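Please open the model in a viewer and keep the sequence panel visible. The tour begins with the whole chain and then moves to a single residue.

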Amino acid sequence: MLYLASKSPRRAELLHRLGQPHRLLDVDVPEVRAPGEGADAYVRRVARDKARAGWRQVAAEPGARVLGADTEVVLDDEVFGKPADAADAAAMLRRLSGRTHVVLSAVVVVDAGGEREVLSTTQVRFAPLSDAQIEAYLATGEAMGKAGAYAIQGRAEAFVEHLAGSYSGVMGLPVHETARLLEPDAGRVPPATGARAAIAG
């Protein structure tokens, strides 16, 4: 049985698209970037922590495997997490306006055989946004609870001038990379080592 260590309905939807039956696990993992920690290392670590926390709940179950994921918006090496409030969301969108940012989406799968992980990197360029556009978007409520204060699968898709990479990765789970990761012959490393898997994204 595949378990998803996430409360994200978008990740659950994307797993369904892959034809992957799964159950949800509730994990509580701090998402705080350590001083000097690179953005990609941070996203990988949080995804790994989620997967390992989920694995601790189901490790005794034969055939269990756990998928953990983390997605962050990065601009000028600053990680834009979920906005604290509407003012914070507006500030994020103003900074993203007219610029290209990076969306990092890490996925980690843990099972009895070890760990596998992949990192998807996507370049997203926003059109210049007016204050009126930002206010109208905030009024939809989509910005809250989303990294970078936007949901590309919602009305914010209209902001995107160009995207290079994984659209589903920006949503929260890179479908192509995740499919590869879930293949039976995907490379593994022992869970205790914390080393990176052979698959790279």
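Select the entire chain: of its 201 residues, 50% count as buried, where buried means under 20% relative accessible area with a 1.4 Å probe, protein chains only. This is a predicted model, in which local features need pLDDT of at least 70 and side-chain atom pairs count only at pLDDT 80 or more, while totals for chains, interfaces and linings use all residues. Residues are numbered from 1 along each chain as its sequence is written, and side-chain values use heavy atoms, with hydrogens and water left out.

Next, colour by secondary structure. Six helices and seven strands appear, taken as DSSP runs (H or I, at least four residues, for helices; E, at least two, for strands). From the N terminus, their order is β-α-β-α-β-β-α-β-β-α-β-α-α.

Display contacts, meaning heavy atoms within 4.5 Å. Among those with a separation of 6 or more, 66% involve residues 24 or more positions apart.

Now select Ser6, in the loop between strand E1 (2-4) and helix H1 (9-17). Is Ser6 buried or exposed? Its relative accessible area is 8%, so Ser6 is buried.

Add the polar contacts, which are pairs of N or O atoms within 3.5 Å; within protein, one must be able to donate a hydrogen and the other to accept it, and residues adjacent in sequence count only if both atoms are side-chain atoms. The side chain of Ser6 reaches the backbone nitrogen of Ser8 at 3.0 Å, and a polar contact of 3.3 Å links it to the side chain of Arg11.

Finally, select Arg11, Leu24 and Leu25, which Ser6 touches when residues up to four places away in sequence are not counted.
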